[in-house]
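Biologist: I am new to this structure and would like a close look at one part of it. Please start from a single residue and work outwards.

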Amino acid sequence: MELYQKTIHDIAAHLKAKKLSSVELTKATLAHLKAVEPKVQSFITVTEETALAQAAEADKKIASGTNVTPLTGIPLGIKDLLCTKGVQTTCASKMLEGFKPPYNATVVERLNAAGAVMVGKTNMDEFAMGSSTETSYYKKTKNPWNLSCVPGGSSGGSASCVSADQAFGSLGSDTGGSIRQPASLCGIVGLKPTYGRVSRYGLIAFASSLDQIGPMTKDVEDCALMMNVISGHDEKDSTSADVAVPDYAVEMKKSIKGLKIGIPKEFFPKELNPEVSEAVKKAIEQLKSLGAEVHEISLPHSPYSLAAYYVLAPSEASSNLARYDGVRYGLRVSGENIVEMYSKTRAAGFGPEVKRRIMLGTYALYSGYYDAYYLKALKVRRLIKQDYDKAFEKVDVIVTPTVPNPAFKFGEKTDNPLTMYLEDIFTISINIAGVPALSLPCGISKTDLPIGLQIIGKPFDEAALLKTAYAYEQSTDWHKRKPSLKES
Amino acid sequence: MALSEKDVQYVAKLARLEVTEQEVAKYTQQLGNILGYIEEMGKLDTANVEPLTHPLDMKNVFREDAVKPSLTQAEVLSNGPEVQSGHFKVPKIM
Amino acid sequence: MAFEDYEPIIGLEVHCELKTATKLFCGCPTTFGNEANTQVCPVCLGLPGTLPVMNGKAVEFAVKIGHALNCTIASYSKGMAQVSDPKAIEDAVDKVLAENPAVVADYKGGKQGVIGFLVGKVMQASQGKANPKMVNEMIKKKLDS
């Protein structure tokens, strides 16, 4: 096994034992990154110089034994909607081409303080709007398991770089499934924390009441290690919760005997892809054999979650994206007067999916339709949250498929926006309710594409997610499978 | 609620998005489809349901009225498309 | 109508800067006189990814002013969602009309200017959320019939 194929926890042991330096490790990782990048296209910006400088700093820390954490000296990828001081941050949009933030996102500060190394900014759907990374202005990222298939989205590059061993882990963001769906399609672990668990300061906003940042890793232990670093209250984010952060790496190893698992019948429709259904049901049986109890539950309002989301998210986005006006940063297209400048700049800077969502949101919020759309969606939101609250009185975690199908081919879902939106049908209600959820691999399809298992938890109970996932993972070997990097 | 091309033009104006005639036609159709799907929510009886604006029940998150360091003028202007004498330069407003 | 039949109702909209040391949503100073763009941070520059954090002192001052001017302080600020449901507005109007018989009598007696007072009462009861145009029309409808 090559160095870059190892997990964070494995390689950290090597670094600690001084079997190799972070600079050596980073050089090897970057060499592999560049070797496969023409095939995979995970990165918008590769930060080779910064990475090597950070690696040298990490080596100093390791040598003196001060401030060494499990992430010290570890090369990671960062989704290109997280602000990185002095390093281009584009949101995969023409609007922010060349934009260099004068500040770091809080999560980036925390990774830096932990001694991590950033190898690059990963590709994504433009402004996080999409489920395939096809709306990126810069490039199309390929799924390492089949290069003619999408990696999922919007955190497609963050998923593919981990799957293809170009980085040991990455940060993604999730508003309707954007961490979990690409994790499922690329055969890795992805966790969306409880809303408020991780600071959003420095996360370029899409939908402020739904967005969360989370880790994307090769296995559950790596996920726990990253969660330990990024979680916790931040005074710069008024929506970040002042709730203590447990040691997730310790919590993860606790027993799941007697754990009550809920299976919501709405997530297993008759038309569900039989391979997905079979893989998920086998995983549930596996969890049973490990000591968990399975109960059938219902989340009756979940069929309305997609409709509610496609009002709430675009409405919030229309407000968050109003700042892109060509005045202080980003693209500017000149005009005769200021309004013309705004309109031309925004027309040139945003892609069609972004424009669609801004217009949808503007429509839903303007006075005539506010009650029928936005207010209605907020009420449906309460109903969806209540479903989860009620379910969690009976069970500890909920298990479902992450997505209805394995990875699809490029262009397969781009003609009709609605077909793309339906990809998120199992992930979306989780964001609406604000609860945490994780995806991990539970099978491979006949066409050699990964199938993902979603585990949903109570607010601030990421520990339950991690221990359930860890127990399952350690009793199977899906996490050891590697993609072929071939096209078919 | 059927979406007309006039609606789309008005909304584009509100959102400060210049759109071509072709785009208006295309967006009218696509947005119309999406709205049709969204109207499914109308089937739910929500008469006695309070809206939920936020997943977390948080109140009164305030900060102290204490001065913190600002950016330097150079940092503020660093991403400006057009700057002059310490200001961002824009076309006429009135 | 003759000139004398008009009753002027004058409202004063006063803008007064709160004497806080920092801005509303960030820790930049509010002092006057410095060079342009030297008291700006990522938050008040509106950079992508930034988040506002409310100045507690400003809220305190606003509440104080509210008390000083005899206003009702809303205990829950739900944001600017406007109520335009006709039934809800009708219920609110009926209540205010029932509670203010003297003012209603004034209106019916020819002092049409007092409608402003009644609209104000409905707005207060709805914590500012009712659609004022609809309220005005509803009151007229009820009292002119």
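Leaving aside its neighbours within four places in sequence, which residues is L82(A) in contact with?

Modeller: One point before the list. This is a predicted model, where local features need pLDDT of at least 70 and side-chain atom pairs count only at pLDDT 80 or more, while totals for chains, interfaces and linings use all residues. Residues are numbered from 1 along each chain as written, chains are lettered from A and ligands numbered from 1 in the order written, and side-chain values use heavy atoms, without hydrogens or water.

Now L82(A). Contact means heavy atoms within 4.5 Å. With the neighbours within four places set aside, L82(A) touches T89(A), A105(A), V107(A) and V108(A), and also K121(A), L171(A), G202(A), L203(A) and I213(A).

Next, the setting of this residue. L82(A) belongs to the largest nonpolar core, a set of 162 residues. Such a core is made of buried Ala, Val, Leu, Ile, Met, Phe, Trp, Tyr and Cys residues joined through side-chain atoms within 4.5 Å. Buried means under 20% relative accessible area, exposed over 50%, and partly exposed in between (1.4 Å probe, protein chains only). L82(A), F127(A) and Y388(A) have the most contacts inside this core. Helix α13 of chain A, residues 371-394, gives the core its largest share, 11 residues. Helices (H or I, at least four residues) and strands (E, at least two) are DSSP runs numbered from the N terminus. Another core lies apart from this one. That second core has 18 residues, including V96(C), I115(C), M123(C) and I139(C).

From the core, step out to the contact of chain A with chain B. Chain A puts 68 residues into this contact, and chain B puts in 51. About 5,500 Å² is buried between chain B and chain A. Buried area is the accessible area (1.4 Å probe) that two parts lose on being put together, summed over both. Carbon and sulfur atoms carry 70% of that area.

Charged pairs come next. A salt bridge puts a side-chain nitrogen of Lys or Arg within 4 Å of a carboxyl oxygen of Asp or Glu. Chain B and chain A have 4 salt bridges between them. In one of them, E23(B) pairs with K355(A), and the closest N and O atoms are 3.7 Å apart. On chain B, both α1 (5-14) and α2 (21-38) supply at least two residues of the side that touches chain A. The largest share of that side is from α2(B), with 9 residues.

E18(B) also pairs across the chains. Its salt bridge is with K344(A), at 3.2 Å between the closest N and O atoms. E18(B) sits in the loop between α1 and α2 of chain B, while K344(A) sits in helix α11 of chain A, residues 338-349. E18(B) is partly exposed, at 37% relative accessibility. K344(A) is partly exposed as well, at 26%.

Over all chains, a search of the whole structure finds 28 salt bridges. Chain C holds two to look at here. Take E60(C) and K57(C) first. Their side chains meet in a salt bridge at 3.9 Å, N to O. They are about one helical turn apart, because 3 residues separate them in helix α1 of chain C, residues 56-68. E60(C) is partly exposed, with a relative accessible area of 38%. K57(C) is partly exposed too, at 33% relative accessibility.

Then take K87(C) and D91(C). Their closest N and O atoms are 3.1 Å apart, and they form a salt bridge. Both lie in helix α2 of chain C, residues 86-99, with their positions 4 residues apart, about one turn of the helix. K87(C) is exposed, with a relative accessible area of 52%. D91(C) is partly exposed, at 40%. Elsewhere, salt bridges that share partners link D165(A), K218(A) and K482(A) in one network.

Last, the contact of chain B with chain C. Here chain B gives 17 residues and chain C gives 26. The buried area between them is about 1,600 Å², with 55% of it on carbon and sulfur atoms. Between chain B and chain C the salt bridge count is 0. On the side of chain B that touches chain C, β1 (62-63), α3 (73-77) and β3 (87-88) of chain B each give two or more residues. The largest share of this side, 3 residues, comes from α3(B).
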